[in-house]
Number of protein chains: 2
Amino acid sequence: MKLYDTPMAPNPRRVRIFLAEKGATIPTVDVNLMKGEHRNPEYRALVPNGRVPALVLDDGTVLCESIAICRYLESLYPEPNLMGVDALEIAQIDMWTRRMEFELMMPVASAFRHVHPAAAVLENQFKDFGLSMKKVGEKSYAYLDKILADQPYIAGDRYTIADISAICTVQFGAAVSDIHVTEALPHLKRWADEVGARPAVKSSLKSAA
Amino acid sequence: MKLYDTPMAPNPRRVRIFLAEKGATIPTVDVNLMKGEHRNPEYRALVPNGRVPALVLDDGTVLCESIAICRYLESLYPEPNLMGVDALEIAQIDMWTRRMEFELMMPVASAFRHVHPAAAVLENQFKDFGLSMKKVGEKSYAYLDKILADQPYIAGDRYTIADISAICTVQFGAAVSDIHVTEALPHLKRWADEVGARPAVKSSLKSAA
């Protein structure tokens, strides 16, 4: 089993945190997106759609999509549970993970991809759209602040993969999308400080090569 | 248990097809998005984020996000299996479902939301961005045509929720995003004709009130 990873993007960081929380280690290869290594024929031969992260199993089976990779890893490394213990909790955590992706990660990533000069190599940029996504992201932060006024973690009483998805987004947003957890969002700030201080979250930050 | 549904959108249609494939029936209430019924205080009291579809359980627990709803329904109605029988297949089907969402549904929906005059009530429209998403969607169709040259269904040998996600997108794209399965895409056409002819898929089409 081998994990193809990339340092700066928030998606593969989710898999790194997930593994670190479980104390699991998998042989990992870094793919440099800015150098276009995901488009190299060698990588495409392994991972036809060129996506990162990708988990290549010993029989050659390729799993892409961070959450699908984590879903498989959860079966290999069940403790601590991060994706639900019964059908209802699994569905609820899936719901919160998806909400973090569609309501938070999508606008925050779009605000980077369509506005930041460094993203011009990755994307046909539409700046006005990107700036509108920044506002959508800020609205989602305010909404999330209200959620976290009533519950300690994104999916409820305990830390799950939904928190991992959200912290990667929030830290990415502060770094490159100019979206910040201000003092006006005390519950989101309390959550971001606590989750951001977890060893698995801190150790998952890689600087770009 | 009660399902809050809406006739025209591709997302809730996935849940209707999923239930029909399983021969399951749940009391359903239609929410008219064009009339803004998802913003009514009565609906917000039940479903705080105003999303449709939503599954409200007998104890008041609310599940949103079509795939999370289906994941829970799969546990209640396990046959026919549509989301995987073991950890690896569950992860693979999750991967394909997510790919259909991010690579197909996202651009096709954006091409509608940012270009179609009828979507102006739902969205701050950026037409150039929408038109670029139409091209991204067309590129995804071509990619999917190659996938379906080698395997009968999206996730491989059998019909799954990934096919349900893709057929809703393809039929939605033809109806409102001006993205079409042309004769130049014979494998995608073969798949769309076959999946589109399934009774559960045909019966899930509701006209808007």
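This briefing describes the contact between two chains, a nonpolar core, and some backbone features of the structure above. The model is a predicted one, and every value given here was computed from it. Chain A and chain B each bring 22 residues to the contact between them, and the largest nonpolar core has 116 residues, with A:F18, A:L63, B:F18 and B:L63 touching the most other members.

**The contact between the chains**

- The contact is made by 22 residues from chain A together with 22 residues from chain B, and on the side of chain A that touches chain B, the elements that give two or more residues are β4, α3, α4 and α5 (127–150) of chain A.
- Among these elements, α4(A) supplies the largest share of the side of chain A that touches chain B, namely 9 residues.
- When the residues on the side of chain A that touches chain B are divided by character, 12 are nonpolar, 4 are polar and 6 are charged.

**The largest nonpolar core**

- Within this core of 116 residues, the members that touch the most others are A:F18 and A:L63 in chain A, along with B:F18 and B:L63 in chain B.
- If residues up to four places away in sequence are left out of the count, B:F18 touches B:C70, B:L73, B:L82, B:I161 and B:I164.

**Cis peptide bonds**

- In chain A, the peptide bond that runs from A:E79 to A:P80 is cis, with omega near -15 degrees, and A:P80 itself lies in the loop between α3 (66–76) and α4 (87–113) of chain A.
- In chain B, the peptide bond from B:E79 to B:P80 is cis, with omega near -15 degrees, and B:P80 is placed in the loop between α3 (66–76) and α4 (87–113) of chain B.

**Positive phi outside glycine**

- A:E65 is a residue other than glycine with a positive phi, near 75 degrees, and its place is in the loop between β4 (62–64) and α3 of chain A.
- A:E65 counts as buried because it has 24 C-beta neighbours inside 10 Å, where the cut-off for a buried residue is 20 or more.
- A:D178, also a residue other than glycine, has a positive phi near 55 degrees, and A:D178 is found in the loop between α6 (161–177) and α7 (186–196) of chain A.
- With 15 other C-beta atoms within 10 Å, A:D178 is partly exposed, because this count falls in between the limit of 12 or fewer for an exposed residue and that of 20 or more for a buried one.

How values were computed: Residues are numbered from 1 along each chain as its sequence is written. Chains are lettered from A and ligands numbered from 1 in the order in which they are written. This is a predicted model: local features need pLDDT of at least 70, side-chain atom pairs count only at pLDDT 80 or more; totals for chains, interfaces and linings use all residues. A nonpolar core is a set of buried Ala, Val, Leu, Ile, Met, Phe, Trp, Tyr and Cys residues joined through C-beta atoms within 7 Å. Two residues are in contact if their C-beta atoms, placed from the backbone, lie within 7 Å. Helices (H or I, at least four residues) and strands (E, at least two) are DSSP runs, numbered from the N terminus. Ala, Val, Leu, Ile, Met, Phe, Trp, Tyr, Cys and Pro count as nonpolar, Asp, Glu, Lys and Arg as charged, and the others, Gly among them, as polar.
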